[in-house]
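Open the model in your viewer and keep the selection tool at hand. This tour goes stop by stop, saying what to select and what is there.

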Amino acid sequence: MELISNTGTNRVIDTLRQSFQSGASLDIATPFLSLFAFSELRDLLNHATHSRLILPLNPDGDLTLLGSAADRPARNRLHARWLARECANWIREKTELRQSTSLLPQSAYLIRQIETARSRIITGNCPLTTDGLGLAPGNQFSLIQCTETPEEVELFAAWYESLWNAMPASEQAKEKMLAHLQEYSDHRAAAVIYYQVLF
């Protein structure tokens with residue numbers, strides 16, 4: 001088991017990029033999903049043969065899609081609407097989605113390669129956000145680990161499978177997420193913003 005400090009060149013995003021090869025699939029369990037983190041992984045996710053995504057079932061639908069205070073420069077680029085459309089396309093075309101009824105205490109990324117020996121699993125406090133990927137400053141006490149042996153991969157893959165199978169398959173979960181992303185990608189009339197400022 002290797003520890004990831006999530007700083008310098010030892011970040012979650014570096015490990016994902018180095019481990020991922022053509023023909024691989026990527027399974028993710030995350031308590032949060034930021035559009036700006038998705039942007040950094042977009043090429044990798046689009047080249048995955050298949051993805052499975054586990055998200056928590058939040059009553060208000062808040063997954064911090066627009067990131068945290070550290071993502072202000074990214075928000076200032078004003079391309080969140082485009083990213084929401086791209087994320088919706090990825091979920092619609094390449095992803096199976098299931099929702100957990102309880103909070104996810106940690107995240108997991110499972111890269112399945114054609115050669116089992118090259119598969120990797122990253123687990124710990126590393127949600128699909130810019131700080132979770134190591135792109136923005138995060139909690140220095142976060143514990144993130146990466147498997148190094150096929151035996152470890154098998155063990156954690158079985159854990160992910162049991163987590164996946166414990167949640168019922170439902171198209172409603174995917175449709176709900178797509179509808180949530182649609183709210184971010186829709187055009188808004190300028191008058192709506194004006195009235196919101198007034199009231």
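**Stop 1: the largest pocket**

Begin with the largest pocket, whose lining counts 22 residues. Select Asp 131, Gly 132, Pro 137, Gly 138 and Asn 139, the lining residues that lie nearest its centre. Keep in mind that you are looking at a predicted model. The volume of this largest pocket is about 370 Å³. Now colour its lining by class. You should find 15 polar residues, five nonpolar ones and two charged ones.

**Stop 2: the second largest pocket**

Move on to the second largest pocket, which holds about 240 Å³ of space. Eleven residues line it. Select Leu 66, Leu 78, Ala 80, Arg 81 and Tyr 184 to land nearest the centre of this second pocket. Which helices each supply at least two residues of its lining? Show α4 (80–94) and α7 (171–185), which both do so. Colour by class again. The lining of the second largest pocket divides into five nonpolar, five charged and one polar residue.

**Stop 3: Leu 78**

Stay with Leu 78, one of the residues nearest the centre of the second largest pocket. Leu 78 sits in the loop between α3 (72–75) and α4. Check its backbone: phi is near 60 degrees, a positive value in a residue other than glycine. Is Leu 78 buried or exposed? Its relative accessible area is 75%, over the 50% cut-off, so Leu 78 counts as exposed.

**Stop 4: Glu 183 and Arg 81**

Next, select Glu 183 in helix α7. Its relative accessibility is 47%. That value falls between the 20% and 50% cut-offs, so Glu 183 counts as partly exposed. Add Arg 81 to the selection and draw a C-alpha to C-alpha distance. The two residues, Glu 183 and Arg 81, are 9.0 Å apart in space. In sequence, 102 residues separate Glu 183 from Arg 81.

**Stop 5: Asn 6**

Jump to the loop between β1 (2–3) and α1 (12–19), and select Asn 6 there. Asn 6 has a positive phi too, of about 65 degrees, although it is not a glycine. Is Asn 6 buried or exposed? Its relative accessible area is 13%, under the 20% cut-off, so Asn 6 is buried.

**Stop 6: Ile 121**

Now find strand β6 (residues 120–124) and select Ile 121 within it. Ile 121 is buried, with a relative accessible area of 2%. What is Ile 121 in contact with, leaving aside its neighbours within four places in sequence? Show Tyr 109, Leu 110, Gln 145, Cys 146, Thr 147, Val 153, Phe 156 and Ala 157. Then draw a C-alpha to C-alpha line from Ile 121 to Ser 5. These two residues are 15 Å apart in space and 116 residues apart in sequence.

**Last stop: the whole chain**

Clear the selection and zoom out. The protein chain has eight helices and seven strands. Its radius of gyration is 17 Å, close to the 16 Å that the globule rule gives for 199 residues, so the chain is as compact as a globular protein of that length. Rotate the C-alpha trace: along its principal axes it spans about 60 × 40 × 30 Å. Of the 199 residues, 46% count as buried. Switch on the surface. The accessible surface of the chain is about 10,800 Å², and carbon and sulfur atoms account for 53% of this area. Finally, look at contacts between residues at least 6 apart in sequence: 80% of these join residues at least 24 apart.

Terms used:
Residues are numbered from 1 along each chain as its sequence is written. This is a predicted model: local features need pLDDT of at least 70, side-chain atom pairs count only at pLDDT 80 or more; totals for chains, interfaces and linings use all residues. Side-chain values use heavy atoms; hydrogens and water are left out. On a 1 Å grid over the protein atoms alone, a cavity is a set of points where a 1.4 Å probe fits but cannot get out, and a pocket is an open set with protein on both sides within 12 Å along at least five of seven lines; lining residues have an atom within 4 Å of a point. Grid points are joined across faces, edges and corners, and a volume is the space filled by probe spheres set on the points. Ala, Val, Leu, Ile, Met, Phe, Trp, Tyr, Cys and Pro count as nonpolar, Asp, Glu, Lys and Arg as charged, and the others, Gly among them, as polar. Helices (H or I, at least four residues) and strands (E, at least two) are DSSP runs, numbered from the N terminus. Buried means under 20% relative accessible area, exposed over 50%, partly exposed in between (1.4 Å probe, protein chains only). The radius of gyration is taken over C-alpha atoms; the globule rule is 2.2 Å times the number of residues to the power 0.38. Contact means heavy atoms within 4.5 Å. Accessible areas come from the Shrake-Rupley method with a 1.4 Å probe; for residues, only the protein chains shown count as cover.
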